[in-house]
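Hello,

Here is the structure I promised to pass on to you. Please have it open while you read, as my notes follow below.

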Amino acid sequence: MDNLTMLQGFEWYLPEDGMHWNRLAQAAPQLQESGINMIWLPPAYKGAAGRCSVGYDVYDTYDLGEFDQKGSVATKYGTKEEYLAAVHTLQQHGIQVLADVVLNHMMGADATERVAVIEDAANNREQAISGEQQIMAWTRFDFPGRGGKYSDFHWNASHFSGTDWDDGAKRNGIFCFKGKTWNRETDTENGNYDYLMGADLDTDNPETVKAVTDWGKWYLDAVPVDGFRLDAVKHISFDFYRNWLQEMRAHRGSDFFAVGEYWSPDLGRLLHYLERVEGSMSLFDVPLHFAFTKAANSNGMYDLGRLRQESLAERMPDNAVTFVDNHDTQPGQALSSFIPVWFKPLAYAYILLQEKGIPCVFYGDYYGIPHDGIAPVAGLRVLCQVRARYAYGPEHAYFDDCDVVGFTRAGDEEHPQSGVAVLMTDHDAGSKYMQVNAAYAGRLMRNVLDDTMAPVTLDEQGGALFSAAGGAVSVWVLA
Ligand code: CA
């Protein structure tokens with residue numbers, strides 16, 4: 001089987017030109033050539049900010065750029081027709097499409113309601129800091145611009161458990177609706193991290209669960225996606241997505257891929273969540289991203305030998321999506337922890353060429369981020385191609401040093417001439433003897449990232465002394 005390589009098909013600051021679905025469709029042949037065979041598309045539905053919305057300020061999940069709502073028919077990325085056409089074109093080029101599913105919160109309600117609430121402390125939502133009070137909450141969603149097409153469900157305060165804005169007093173707070181509690185089992189940051197933003201969906205209300213389940217089935221019928229990326233799972237009751245995915249898979253009549261965003265550097269929390277959802281999804285390897293952040297910002301003092309211990313992919317290889325950066329970590333975003341440019345090729349060589357996990361390449365790394373004057377990551381397309389052609393077979397790991405670490409893949413029969421050697425250092429130039437494959441004894445290997453480096457000859461054991469320049473990675477394939 002060929003390696004899966006995912007592209008996160010957007011970054012935060014794409015132009016608000018309604019052209020992105022068309023751009024992705026046009027890029028499909030080139031992406032296929034790079035070995036990209038899975039793409040995570042941004043939320044396709046109308047957000048509160050209309051054409052300026054990246055998609056996480058969900059207004060109407062049934063409006064995929066079809067109705068005149070929030071100031072336009074199209075979303076930031078284009079119209080529903082263009083979305084469907086892009087999905088089709090990408091799939092025609094062998095690229096599986098993942099839809100982004102945001103079911104934690106909604107924003108941009110059509111009207112306010114008077115709601116009785118209790119205010120909780122922002123940093124401990126288990127602690128009330130007020131008695132019962134009345135607020136004006138933005139919780140009525142009637143979607144007049146859609147006029148009941150596809151669904152006549154109307155949202156009101158009973159379908160939400162809280163919000164953070166009192167439009168009467170014009171002030172912020174964490175307001176839990178009277179008679180409600182935050183979801184019993186969510187992340188424990190801030191006491192209980194059910195509440196993230198906007199009007200928080202109350203998944204203890206069966207009407208709410210039915211509404212988002214009906215919607216999911218509609219989506220699967222309306223858009224032939226190959227799977228889902230699930231937003232903000234740590235803010236939603238831990239049993240919700242297990243059940244929801246079960247319903248979706250039953251509706252589709254087959255299994256499909258799903259990956260959740262559980263944003264925490266704490267590997268233990270991710271493992272706990274995977275257990276609670278019974279492995280029904282993968283998770284992004286957030287701990288590995290933070291290990292990269294530490295390594296990249298430690299001036300060579302990080303122990304690269306520890307990289308593996310901090311990775312979800314090591315513990316749960318079949319449930320890990322590894323990544324370097326994303327739309328939340330890029331500069332200007334709240335969670336910004338962008339990996340410095342010198343370390344990017346090391347991080348990408350690591351996630352793309354090692355055996356474990358499905359790697360996700362960030363659009364802003366692949367194409368650059370013009371908004372911030374950031375160039376594409378050097379060598380990234382080459383690394384994607386190396387993954388597609390060479391990164392197969394058993395892995396030999398050499399994470400036995402603080403500074404100079406590496407690994408090899410022996411290749412497999414299905415991919416002739418495959419096999420790769422990777423050596424990296426976060427400090428001075430270094431070298432290491434690594435074994436690739438005895439069957440390749442006597443063959444030459446060349447560094448695809450730097451053709452000024454002399455090729456090396458594999459000895460009778462199929463090994464050689466590989467070198468990497470200071471703060472760099474070398475990637476060797478058969479010459
Ligand atoms: Ca929530």
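What follows is a short account of the domains, one domain interface and some salt bridges.

Please keep in mind that this is a predicted model. The protein is divided into three parts: domain 1 covers 6-102 + 206-389, domain 2 covers 106-201, and domain 3 covers 395-478.

**Where domain 1 meets domain 3**

I began with domain 1 and domain 3, whose C-alpha centres lie 30 Å apart. On the domain 1 side, 22 residues are in contact with 24 residues of domain 3. The size of an interface is often given as the accessible area lost when the parts come together. For domain 1 and domain 3 that buried area is about 1,800 Å², with 67% of it on carbon and sulfur atoms.

The polar side of this interface can be listed briefly. Six residue pairs are in polar contact across the interface of domain 1 and domain 3. Two elements, helix H8 (344-353) and helix H10 (380-389), each give two or more residues to the side of domain 1 that touches domain 3. H8 provides the largest share of that side, with five residues. By type, the residues of domain 1 that touch domain 3 divide into 13 nonpolar, five polar and four charged.

There is also one salt bridge across the interface of domain 1 and domain 3.

**A closer look at Glu395**

Glu395 is worth selecting in your viewer. Glu395 lies in strand S18, which runs over residues 395-398. Which side chain does Glu395 meet in a salt bridge? The partner is Arg308, at 2.8 Å from N to O. The same two side chains, those of Glu395 and Arg308, are also joined by a polar contact of 2.8 Å. In addition, a polar atom of the Glu395 side chain lies 2.6 Å from the backbone nitrogen of Glu355.

Setting aside neighbours within four places in sequence, the contacts of Glu395 are Arg308, Gln354, Glu355, Phe407, Thr408 and Arg409. One of these, Thr408, is 13 residues from Glu395 in sequence, and the two are 5.6 Å apart in space from C-alpha to C-alpha.

**Salt bridges elsewhere**

A search of the whole structure finds 30 salt bridges. One of them pairs Arg146 with Asp60, with the closest N and O atoms 2.7 Å apart. Arg146 sits in the loop between strand S9 (133-140) and strand S10 (160-166), and Asp60 in strand S4 (residues 58-60), so this pair ties together parts that are 86 residues apart in sequence. Are these partners buried or exposed? Arg146 is buried, with a relative accessible area of 6%, and Asp60 is buried at 0%.

Arg229 is another residue to look up. Its side chain meets that of Asp231 in a salt bridge of 2.9 Å, N to O, and both Arg229 and Asp231 are buried. Arg229 also meets the side chain of Glu261 in a salt bridge, here at 3.7 Å, N to O. That second pair links distant parts of the chain, 32 residues apart: Arg229 is in strand S13 (residues 227-230), while Glu261 is in the loop between strand S14 (257-260) and helix H5 (267-276). Arg229 counts as buried because its relative accessibility is 1%, under the 20% limit. Glu261 is buried too, with a relative accessible area of 8%. Through shared partners, salt bridges join Asp100, Arg229, Asp231 and Glu261 into one network.

Enjoy exploring the model, and best wishes.

Methods
Residues numbered from 1 in each chain as written. Predicted model: local features only at pLDDT ≥ 70, side-chain atom pairs only at ≥ 80, totals over all residues. Heavy atoms only, no water. Domains from an automatic or database assignment. Contact = heavy atoms within 4.5 Å. Buried area = accessible area lost by both parts, 1.4 Å probe. Salt bridge = Lys/Arg side-chain N within 4 Å of Asp/Glu carboxyl O. Polar contact = N/O pair within 3.5 Å; in protein donor to acceptor, adjacent residues only side chain to side chain. Helix = DSSP H or I, 4+ residues; strand = E, 2+ residues; numbered from the N terminus. Nonpolar A, V, L, I, M, F, W, Y, C, P; charged D, E, K, R; others polar. Buried < 20%, exposed > 50% of the residue type's maximum accessible area, 1.4 Å probe, protein only.
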